[in-house]
Amino acid sequence: MTNVNENLTEEIIALEKGALDKWFKGDTSGYLNIWSQQQFSYFDGTVQQRVDSYEDIKESVLAHVEGKLFADSYDFEYPRVQAVDDMAVLTYQLYAKTTLIDMKYNCIEVYKKEEDGWKVIHSTWSFIRPMDMDFGQAKSIV
């Protein structure tokens, strides 16, 4: 791996962890700051269809979580950044016991270099082995 790739890997992981640090303190602004306002899409096991814009994710998902989701710690495991030119894909597994749900996610973040830095243009959060999960334990976020 070249220094450029190592530096980019560190930068992308730092952006993601910075957003997660805020996320688990009930603050969604970390993701609002790294998600692209120009082009954005989102898949999650808790939504029925793809969310297709920054405004939609802000209004439909984040507004319901703001100030309600907390965790004392989280595990950010197996991160990998793959990049070409102005695109990078970060994949990792996330584990956290939160006030709303025990999180066990495979995360995929597609980053694009925009004028103001690296921004996520697509985000997918899929449950790790959903057949093993007990969704009856989840607390309502609405």
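The legends below describe close-up views of one sheet in a predicted model.

**View A. The whole sheet is open and built from 5 strands.**
The strands lie in the order β1-β5-β4-β3-β2, and their pairing is mixed. At the edges are β1 (41-44) and β2 (75-84), each of which pairs on one side only. On average, neighbouring strands of this sheet are turned by 20 degrees against each other, direction ignored.

**View B. Strand β2 pairs with β3.**
The two strands are antiparallel, with 8 bridges between them. Which residue of β3 stands opposite Val81? It is Leu90. β2 is an edge strand, so to speak of its pairing is to speak of one side only.

**View C. A hairpin links β3 to β4.**
Strand β3 covers residues 87-97 and strand β4 covers residues 102-114. They pair in the antiparallel sense over 11 bridges. The hairpin passes from β3 to β4 through 4 residues. Within this pair, Thr91 has Ile108 of β4 as its bridge partner.

**View D. A hairpin is also formed by β4 and β5.**
Here 2 residues sit between the strands. Strand β5 spans residues 117-127 and runs antiparallel to β4, to which 10 bridges join it. One position to look for is Asn106, which stands opposite Ser126 in β5.

**View E. Strand β4 has β5 and β3 as its neighbours in the sheet order.**
Towards β3, the strand takes part in 11 bridges; towards β5, it takes part in 10 bridges. Ile108 is the bridge partner of Thr91, while Asn106 stands opposite Ser126. In a regular strand, side chains alternate between the two faces of the sheet.

Notes. Residues are numbered from 1 along each chain as its sequence is written. This is a predicted model: local features need pLDDT of at least 70, side-chain atom pairs count only at pLDDT 80 or more; totals for chains, interfaces and linings use all residues. Side-chain values use heavy atoms; hydrogens and water are left out. Two strands pair if DSSP finds at least two bridges between them. Axes are lines fitted to C-alpha atoms, for helices over the stretch in contact, and angles run from 0 to 180 degrees between N-to-C directions.
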